[in-house]
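Please walk through this chain with the sequence and the 3D view side by side. The text below takes up helix packing, aromatic pairs and a few single residues in turn.

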Amino acid sequence: MRLTLGMAHFDDFHGAVFTLQSLALHHALHDYELIIVDNNPGSAHGQALAGFCASTGQRRDGTIRYIAAPEATGTTQPRERIFAEARGEIVACMDPHVLLQVGALDALLGWYAANPDSLDLVSGPLIYNDFANVSTHFEPAWNAEMWGVWATDPRGLNPVGEPFDVWGQGLGFFSCRKAAWLGFNPHFRQFGGEEGYIHEKFRQAGRRVLCHPALRWWHRFERPDGVKYPLGRYAKVRNYVLGHQELGMDLAPVHQHFVASGLMPVAEWDHLLADPIAHEQPPGCNTCGGGGSNQPQPAAAQTLDELFAWVKSTPR
């Protein structure tokens, strides 16, 4: 099999279905598969998506494999599962709310055909709602609890331009050969820490990180119903610490952005650094999901039935 397209899913049925159908309607490809790795298969979104995938049968654009994977909550381990399960020589990961510009997958396969020995990490420009503004890459700076800020290189504005090296890029759409995949840190949980880390990992291995101007992708950022997956600050910082330590990088910038700025208490930082692998939760945390210091809390006065309904419906 030539290509595997995989999506990590958590309670985003609408985004996932529109992405899957867009791939079938707008990209005339053969010899590829689609994989959905669902991090919350027991939810209404998860069950609906499993039913949708089962209803598609043998589609003309390839088979859809639905894989339930609730074991490790977050974006990292489901993406890792995509590479492990992939049957294609080439693997492309995309968010289940990303649409690819017509011709993007043809350009991706053409690039690999022209570079059969590539061990590189390949992405493309993010296009915004107006289709005029474009972000070709990340620059290595800290902002808004994230390592990497969007930037634009003029070389990426021409869709038929040559690929070029970048520091990093958002992981809404990225690709490499299955045999070349270096893997995410197995201890990452929840959201954050992947961008910058995986790009630096490829560079340290002597690989390149590329922006291919033809691989244009649109990402739905708006979430009027709120973020459904667990999004704790402590977990995010933990991922950055684990990634920096794995790559032998200085933790001072992480401390500066989160601790010196007051975003994370010193006690939580000290607790985390004492054992980053074992200390998945902040000190004194007794929640079941480990959201960290910005985990949502129930209203103060509730009946037991109301509290149970709240816990059942709130990712933690």
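**A loop, a helix and their surroundings**

Q190 is found in the loop between β13 and α5. The model is a predicted one, and the values that follow are computed from it. Phi of Q190 is near 55°, which is a positive value in a residue other than glycine. Most residues other than glycine have a negative phi. Q190 has a relative accessibility of 6%, so this residue counts as buried, the limit being under 20%.

R189 also has its place in the loop between β13 and α5. With a relative accessibility of 22%, R189 counts as partly exposed. Setting aside residues up to four places away in sequence, R189 touches A72, T73, Q77, A235, R238, N239 and E280. R220 is not among these contacts: R189 and R220 are 31 residues apart in sequence, and their C-alpha atoms are 23 Å apart in space.

The loop leads on to α5, which covers residues 197–204. How much of α5 is buried? Six of its eight residues are buried, so the helix is mostly covered. The buried residues are Y197, I198, H199, E200, K201 and F202. What covers them includes the strands β7 (121–123), β11 (146–151), β13 and β14 (209–211), together with α6 (233–246). Just after α5, G206 takes a positive phi of about 85°.

K201 is one of the buried residues of α5, and its relative accessibility is 14%. Beyond its neighbours within four places in sequence, K201 is in contact with L182, G183, E246 and L247. L100 is 101 residues from K201 along the chain, and the C-alpha atoms of the two are separated by 26 Å.

F202, another buried residue of α5, leads to the aromatic residues. F202 and W181 form a tilted aromatic pair, with 6.1 Å from centre to centre and 50° between the planes. W181 lies in the loop between β13 (173–177) and α5, whereas F202 lies in helix α5, so the pair ties together parts that are 21 residues apart in sequence. Both W181 and F202 are buried. The two residues belong to one aromatic cluster, formed by F83, F174, W181, F184 and F202.

The structure holds 13 aromatic pairs. One of them is formed by W142 and W147, and this pair is stacked: the ring centres are 5.9 Å apart and the planes are 15° apart. W147 is buried, with a relative accessible area of 8%.

**Two helix contacts**

Two packed helices are described by the angle between their axes and the distance between the axes. For α6 and helix α8 (residues 266–274), the axes come within 11 Å and cross at roughly 45°. That angle makes α6 oblique to α8. The crossing in which α6 passes α8 is right-handed. On the α6 side the contact involves Y234, V237, R238 and V241, and these meet E268, W269, H271, L272 and L273 in α8. By class, the contact has six nonpolar residues, one polar residue and two charged residues. R238 appears here in the contact with α8, and R238 is also among the residues touched by R189.

Is the arrangement of α1 and α2 roughly parallel or roughly antiparallel? The axes of helix α1 (residues 13–26) and helix α2 (residues 44–56) come within 9 Å and cross at roughly 20°. An angle under 35 degrees counts as roughly parallel, which is why α1 is roughly parallel to α2. α1 passes α2 in a right-handed crossing. The contact is made by F13, H14, A16, V17, L20 and Q21 of α1 and by H45, A48, L49 and F52 of α2. An α-helix has 3.6 residues a turn, so residues three or four places apart point the same way. The residues of this contact divide into seven nonpolar, three polar and no charged.

Past α1 comes another positive phi. D31 has its place in the loop between α1 and β2 (32–38). Phi of D31 is near 60°, again in a residue other than glycine. Is D31 buried or partly exposed? The relative accessible area of D31 is 48%, and D31 is therefore partly exposed.

Technical notes
Residues numbered from 1 in each chain as written. Predicted model: local features only at pLDDT ≥ 70, side-chain atom pairs only at ≥ 80, totals over all residues. Heavy atoms only, no water. Axes fitted to C-alpha atoms, helices over the stretch in contact; angles between N-to-C directions. Helix = DSSP H or I, 4+ residues; strand = E, 2+ residues; numbered from the N terminus. Parallel < 35°, antiparallel > 145°, perpendicular 65-115°, else oblique. Left-handed = near helix turned anticlockwise from the far one by under 90°. Contact = heavy atoms within 4.5 Å. Nonpolar A, V, L, I, M, F, W, Y, C, P; charged D, E, K, R; others polar. Phe/Tyr/Trp six-rings, centres within 6.5 Å; stacked < 30°, edge-to-face > 60°. Buried < 20%, exposed > 50% of the residue type's maximum accessible area, 1.4 Å probe, protein only.
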